[in-house]
Amino acid sequence: MRNSRTSVDIEHNENFKQADSEHGSGELVRASELLPDVIPILPEERRPVFPGQLIPLVVPDKWETTIKAAMESEHKVIGLLLTKTEAAEQPGPDDLYTSGTACRIHRAMRAEGRLQVLIQGLQRFSVDKWISEKVPYRARVLYQLERVSRPESEIKAYAVAIINVIKELVPLNPLYGEELKVFLENFSPNEPSRLADFAASMTTASKAELQNVLQTHSLMPRLEKVIVLIRKELEIARAQAKIHEKVEQEIHGRQREVFLREQLKAIQQELGLSKDDRTAEQDRFRDRLKDLTLSDKAQKRIDDEMEKLGLLETGSPEYSVTRNYLDWLTALPWGRYTEDYIDLNEARAVLDQDHEGLEEVKERIIEFLAVAEMKGEVSGSILLFVGPPGVGKTSLGRSIAAALGREFFRFSLGGMRDEAEIKGHRRTYIGAMPGKFIQAIKDTGSANPVIMLDELDKVGASYHGDPASALLEVLDPEQNAGFLDHYIDVPFDLSKVLFIATANQLDTIPAPLLDRTEIIRLSGYLTEEKLDIALKHLIPRQLERAGLTRKDLRITRSALRRIIEGYAREAGVRKLEKQIGAVVRKAVVQILEGATKPVRVGSDSLEEYLGKPEFKASRLVGGVGVSTGLAWTALGGTIMNIEANRVHSSGRGMTLTGQLGEVMRESATIAYSHIVSNAEKYGVKSDYFDNAQVHLHVPAGATPKDGPSAGITMASAFLSLARQRRIRNKLAMTGELTLTGQVLPVGGVREKLVAARRAGMKEVILPKANQGDFEEIPEYIRRNLSVHFVETFRDVVELLFPSRA
């Protein structure tokens, strides 16, 4: 209820007489009147009031009747009792301490809607009996007289100690000085009782500690308690002063540093040794432009923006936007090109050093570089490497950049859904930035780097725009000479940039975008090629990462072959490298545990390092109604067994299982219809299918499958079932079948032949229309494979059952 902690002691000595006792102490007796025995009681929630204090209070409205009762009495005296807790909304007699201070109300008034009173502490009291336990509270009280039980010299020593502590407090806080001044005007320092109460009131002690002082009637114990509180207050004041001084020193130090820097800057500007921020920025931008060859539009835009920058205040938001824009414009390598160094022999050496196999791809790259050397420039072509993951598409791009001597920049298009990633944001947006292509040009510092666009087949689209459509302008040689980024807003020539894109498949790439690229296909690696890659590249890299050398660990060729065939059978070599890394890490543990060097890893001990193989040796399923097909996946080629069986003879029909896609189900229906309609021609009884419920299954059932290339394979399974004859061993096939028995071409021939070799096939049936694709396949893939080209299913039948065709 109190307005502030600071109190004013104004009780004058002439209002009281001091009757000296024989011990030098006395009791306070009012000269003109006695204090009443029954007084109104006002609960106080914050701090107790000590005798001798004049305290302004703000009284809640719920105690207004108590104030009125005191003002209407003859003496205008009210008793203040401290509440034990602050939780009670309407404290009762049980919530109050029994010792308090009798006070006189000098003034009571309502201001700003609040009841304000001015009270003066007179005398300590204790409650003898409650007269009224309802508001307004009234109680019969006993006024407490001071008791002195120690010699006067000891009391004086405590009083002097309190005075000394107060002297130390005054310089630390000006408020203490004001309180001391008022106290000295009304009381003498030689009054120990008043001095103790004053010292207690000026502390920030808790209400319980102050109440303890108030209800201590004997002077000496009270002095002992007060000296503890006042010394604690001195320690708090010293700590506050120390913190304040430290903060002031830091603030003054920073202000002084700023002031000196400003003075130094002004002196340097006067002497011509320094420039202000705006001038320094403008000079920095001009210095960047000295060695650049800008287009007319770019030069005009920069001049306009420089003029604008000179007029803007450095603290304005527009200044920051203009400065950032100029920073980007002047950081671009306008007209700065890296000179191409094309040496075909060195290019071959670089490609052979970085990649094993891929002879056809390397030859195609050499042809590309040869044309560039003859023409005198590398432009007009966008290469697109298509193949399974881990076959070296990205590293081929790095090798091309190294062979040309150009800078290389790579970024992934996978999951990109915002057109602004390609063409930049407009400068009106907060945090606007140029697109990836302009960032690539800036980072490489060259206007003709090699930019690799990874995962072109995984570009998405959303309400932010279609990045694939935005790429059309970038990858079109007829348009990218004036590529316009939304942020730069000035045409930039990208026609000298060599773009190389990568993809796992072509199906998801828009046709207009695909039309702008030159496709180079990369198939998977054969086992022998993986062996060479592991020995020359993967093992040395993993040994280096683990801090080992070939003298510490030896992995035999037989172990590598088993890793390839049993743990890493994918088309690329990423999983192979992971498995080699796992072997190397376990070998490191063995070496640190004291194993003898070199640690030898053979095929017989491989399971100790990698566990059981993930892949079993391919077991070719044979039997009546079983045929072997070749399929293409994003991870490369694979073989696919197709099984047909007659379930019962009570009705005609066909069942398809194996999670087949719509196209593949149509192919199965076409194969079934063709065999049924031409049964006698292919040596099948005409009524075989009349009462046959046929079930065709394509393992594995958990893997989704689709595509038309299994047409002749499914027809072969139906024919084998109907004729009850096994198909020749180690014979695989692929081809789309029509209802009239024509065999149409398919895709992924190279990947399928790699899968056939990997599975140990000896003969392969391909559509006649794919003969040109077959002839482009390298010899090392075709080696040891007998390939038959067919135009109709009759040709296929002659190969399936040659002895009785």
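**Entry 1: the whole chain**

I looked up burial first: of the 805 residues of the protein chain, 48% count as buried. I note that this is a predicted model. I then listed the secondary structure and found 26 helices and 24 strands in the protein chain. For the surface, I read about 39,700 Å² exposed by the protein chain, with 49% of it supplied by carbon and sulfur atoms. I also checked contacts between residues at least 6 apart in sequence, and 74% of these join residues at least 24 apart.

**Entry 2: helix α8**

I took helix α8, residues 296–311, and compared its length with the expected one. At 1.5 Å a residue, its 16 residues should span 22 Å. The end C-alpha atoms of α8 are 23 Å apart, so the two values agree.

Which residues of α8 are buried? I found Ala298, Ile302, Glu305, Met306 and Leu309. They cover an arc of only 105° around the axis, which means that they sit on the same side of α8. I wrote down the rule behind such a pattern: an α-helix has 3.6 residues a turn, so residues three or four places apart point the same way. On the face of α8 turned away from the buried side, I noted the exposed residues Asp296, Lys297, Lys300, Glu307 and Leu311.

**Entry 3: Tyr325**

I went on to Tyr325, which lies in helix α9, residues 317–331. Is Tyr325 buried or exposed? Its relative accessible area is 0%, so I entered Tyr325 as buried. Leaving out residues up to four places away in sequence, I found that Tyr325 touches Arg301, Glu305, Arg427, Tyr487, Ile488, Asp489 and Val490. Glu305 had already appeared in my list of buried residues of α8. I also looked up the separation of Tyr325 and Ile302, which are 23 residues apart along the chain, and their C-alpha atoms are separated by 9.3 Å.

**Entry 4: Ser399**

I found Ser399 in helix α12, residues 393–404. Ser399 has a relative accessible area of 1% and is therefore buried, the cut-off being under 20%. What does Ser399 contact, apart from its neighbours within four places in sequence? I listed Val350, Leu351, Asp354 and His355.

**Entry 5: Ile243**

Last, I looked at Ile243 in helix α6, residues 219–271. Its relative accessible area is 56%, so I marked Ile243 as exposed. Ile243 makes a nonpolar surface patch with Val247 and Ile251, and I read an area of about 250 Å² for this patch.

Note on methods. Residues numbered from 1 in each chain as written. Predicted model: local features only at pLDDT ≥ 70, side-chain atom pairs only at ≥ 80, totals over all residues. Heavy atoms only, no water. Patch = residues over 30% accessible without salt bridge, like charges linked within 9 Å, V, L, I, M, F, W, Y side chains within 5 Å. Areas by Shrake-Rupley, 256 points an atom, 1.4 Å probe, with all protein chains shown as cover. Salt bridge = Lys/Arg side-chain N within 4 Å of Asp/Glu carboxyl O. Helix = DSSP H or I, 4+ residues; strand = E, 2+ residues; numbered from the N terminus. Buried < 20%, exposed > 50% of the residue type's maximum accessible area, 1.4 Å probe, protein only. Contact = heavy atoms within 4.5 Å. Expected span 1.5 Å × (residues − 1). Arc of directions from axis to C-beta.
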